[in-house]
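These are my notebook entries on one structure, written down in the order in which I looked things up. I went from single residues to helices and sheets and back again.

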Amino acid sequence: MTALPRGETPGSPAADDDSVVADPSAAVPAPSSEDEGHDGGEGSTTADDAADAAETEDDASGTEEAAEDGAGSDGMTYTDEAADDTGGTTDTDGTAAADGAVDAAAAPLSEAEAELAAQRELRERIEKRKAEKEGPIAAGAKLSGQAADLLAAVRAVESGEKPAAAFFDSPAPAAAPRRAAPTPAPVRPRAPEQAPAPQGASPEAVAAVAAVLAEGGAPGALAGPAAEALGAQAADALREDPWKLLAVPGVRPEQADGFARAMLGTECGPDDERRTAALVGWLLERAALQGHTALDTTAVRAALAERSVTDPESAVQHAVAEGVVLVFQDGQDDQESEAPAEPGEDADGNAEDRAGQEPVQVLLGLDRYALAEESLADGLARLVNACEKDADWTEPASAAGSPSAAELIRAVAAHGLVAHTGGEAARAEPAALITAARGLGLRALGAVHSVDGRRRLAEATGDPSAAVTLAGLLCGAEGPGRDEEGAIAVDLLVVLDAPQLDVETAAILVESLADGTRLVLSGDPGVLGSAGAGRVFADVLNARACPQIVSRTPDPGPIGELVSGIGIGELNQVAAPGKEVVIVPVRDAGEAVHRTVQLVADSVPRAIGVPSADTQVITVGHGGSAGTRALNAALKQRLNPGPGRFGGFDPGDRVVHVPAPGRTVPGVVVSADAEGLHLDCAGTEVVVPQERVESSVRHGWALSAHQAAGMRWPAVVVVLPGDAAQGLSRSWVYTAFSRGERHLSVVHGVDQALQRAVAQPPAQDRTTRLRTLLEAPAG
């Protein structure tokens, strides 16, 4: 809308000031980090603004006016709380243009009324300008400020009163280049986001690989993935080394061995160095899918022996020599060496010197994860050392809403890296920190794992621009963008859902932060870890690399009480007068599916008041008689039956889109056409190309606990069939049970296995090197 100077209303005397030509294009504020994502709000461009701008440009051409000196010279967009008077600059051709208008509106007027009144005032000033142009203008009569000074200087030089050099003895500093006002344009609905698709290999490369695969009897469907994994020369690489087929996701050693036998014949053997090297790499890749960034050499040798390798030690040394994997010795100054040390012998061959010492753990790792962990450790150390340590945040800490929030604010004021732990209720504390930092004038931002987390953080801070998803921040789709050096333009970044950070994402994030930026890692250490490799949050906590603020804010209600007990290994009965927690016993998987559908479609909406669309089912895995596939099929049949004419989906189907491993975006199918499958993901339209639908879209009435991490729903139904007992752990139960905000139903068919899983202490189930790197002395 067209804005007026602070404190003025349409028709006020200032609106009749004929010393300023108001350009509607300057009255449209440039988008700022606080305004991004708000369409149609105050300051947004409308079709009427564009028409007014065109009219003003035509009417203002040829005028010779000077603006008030100094207004808007810093190029900032002001709000009604910090507005300045409207001003303008004189162009070289004498055309007057407004610097920018400030946002202010009279309280009694609605936004629409203020818009119409401002447009009327603008047109009146334009008509007045037209009338004034008909009469003569005395030369210099209406000039003021810098323009008047320039005119006086010209006349002084022409009359001989002063030499021209007198005006260049002390030149004024050059004014900063002014940014042109954005051209008004009609507001358009946000274009659908195109789901990212991996760049495929060329058709020629795929065809060549398909020919090689046909020779070896391998499925032709592997041609595309093999060409993408191995590059343009994939066909030649497979002929030379058939075991490189293991680089294709989903291919197992038995399949690669069969392909190699068909290609090599009698030359093929279990101890072929090409085979053993490929097996070592495959073992490390498979371990990464389970969260490990490295493996102990003992475990690798045992796995090689199980796959008929007669000399696992030599196989490991060969893989290291070929650069397939890197080797690390924890506790040694040289973290990396060219080969594992021989058992019982140190670098000097004196085993006696090691008497009484703990054995050194020798780890193998892929270079991508090794580099990520080292880069992350260096980056965190940089943030710790580069931060201003004596900042005074006493006032916002005193005004904090809780002692834990105040403690967090004080810790962040004095340190560049801070860890914060707590449950769902404790998320209010980093929200308070963000609000306090913004009140101090800092560029503070919160990054979360999911769109749902972004919504909850925006509600907690009261400012939607303060919350972004981590993926959106890193790709530039959300947040303030990057500065001239490529760093994210923030002074304080709070990462919530920190347990979901994998090591590669964390390394990229920390590398994107400038020196002096404060980083807070906040999350619940009891939930499941990241989908990708690494355990960043746990390693930072265990290494004690920074101050740790433990929230004292408990999760409220019966669900909070139940989850808090699970966190310390106790599965307690809780009082639930409002049916906040309900246990539904079942005998088998078939009954579990039946009762789950009944709960979602009927019982929860009727008894709790939560509709089916806001109720989420969580189960242990995707397969099995009561996994996500079986449950989704049953729930679709009940809630949205249809033939699945769009690749198995119908309009109205509840789905999840997985644009990248570890990212789960809930949505609803809208339609499908030649472009692909159209989804509504929390108000954002996403188009998934046809070739990506099968691999990246799944029905979403039922999810696994890993997929549900970082999100919450009003009601949750957790399904525990009898065959799920082996997949239970304390962290799994903690994560699944804590996803419900108002109601939790547990379809219980695992007898005492649930109690045992909760009572069992959580184990360090991932092998990583980050903790060692963080604990290592600097230098």
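Entry 1, a residue in a helix. I looked up V206 and found it in helix α5, which covers residues 203-215. The model I am reading is a predicted one, so I keep to what can be computed from its atoms. V206 has a relative accessible area of 24%, and because buried would require a value under 20%, I noted V206 as partly exposed. Setting aside the neighbours within four places in sequence, I listed the contacts of V206 as A201, A223, G224 and A227. I also took the C-alpha separation between V206 and G220, which is 9.6 Å for two residues that lie 14 residues apart along the chain.

Entry 2, a helix and what follows it. Helix α15 runs over residues 428-439, and its 12 residues reach 16 Å from the first C-alpha to the last, close to the 16 Å expected at 1.5 Å a residue. Which residues of α15 are buried? I wrote down E429, P430, A431, L433, I434, A436 and A437. Beside this list I put a reminder that an α-helix has 3.6 residues a turn, so residues three or four places apart point the same way. Just after α15 I came to G441, which takes a positive phi of about 90°.

Entry 3, the sheet of six strands. I traced an open sheet of 6 strands in the order β10-β9-β11-β12-β8-β13, with parallel pairing. β10 (467-469) and β13 (548-550) stand at the edges, and since each has a single partner strand, one side of each is left without a neighbour in the sheet. Neighbouring strands here are turned by 20° against each other on average, direction ignored. Looking at one pair more carefully, I found that β9 (residues 444-448) and β11 (residues 492-495) are joined in the parallel sense over 4 bridges, and that L445 has L493 in β11 as its bridge partner. Helix α19 (residues 536-543) packs on this sheet, where it touches β8, β12 and β13, and its direction makes about 105° with that of β8. Helix α16 (residues 451-461) lies across β9 and β10 and runs at about 175° to β10.

Entry 4, the sheet of five strands. Another open sheet has 5 strands in the order β14-β23-β22-β15-β21, again with parallel pairing. Its edges are β14 (581-585) and β21 (702-704), each with a single partner strand, so one side of each lacks a neighbour in the sheet. The twist averages 25° from one strand to the next. β22 (residues 713-720) pairs with β23 in the parallel sense over 7 bridges, and V716 has L744 in β23 as its bridge partner. Helix α20 (residues 557-567) packs on the sheet against β14 and β23, at about 60° to β23. Helix α25 (residues 730-737) touches β15, β22 and β23, and its direction makes about 145° with that of β22.

Entry 5, a histidine in that sheet. Is H743 buried or exposed? H743 lies in β23 and is buried, with a relative accessibility of 1%. Its side chain makes a polar contact of 2.6 Å with the side chain of S745. Among the residues that H743 touches beyond four places in sequence are I559, V582 and V716.

Entry 6, cysteines. My search of the whole structure found 0 disulfides. C546 is buried at 11% relative accessible area, and C681 is buried at 6%.

Definitions and conventions. Residues are numbered from 1 along each chain as its sequence is written. This is a predicted model: local features need pLDDT of at least 70, side-chain atom pairs count only at pLDDT 80 or more; totals for chains, interfaces and linings use all residues. Side-chain values use heavy atoms; hydrogens and water are left out. A disulfide is a pair of cysteine sulfur atoms within 2.5 Å. Buried means under 20% relative accessible area, exposed over 50%, partly exposed in between (1.4 Å probe, protein chains only). Helices (H or I, at least four residues) and strands (E, at least two) are DSSP runs, numbered from the N terminus. A polar contact is a pair of N or O atoms within 3.5 Å; within protein, one must be able to donate a hydrogen and the other to accept it, and residues adjacent in sequence count only if both atoms are side-chain atoms. Contact means heavy atoms within 4.5 Å. The expected span of a helix is 1.5 Å times one less than its number of residues. Two strands pair if DSSP finds at least two bridges between them. Axes are lines fitted to C-alpha atoms, for helices over the stretch in contact, and angles run from 0 to 180 degrees between N-to-C directions.
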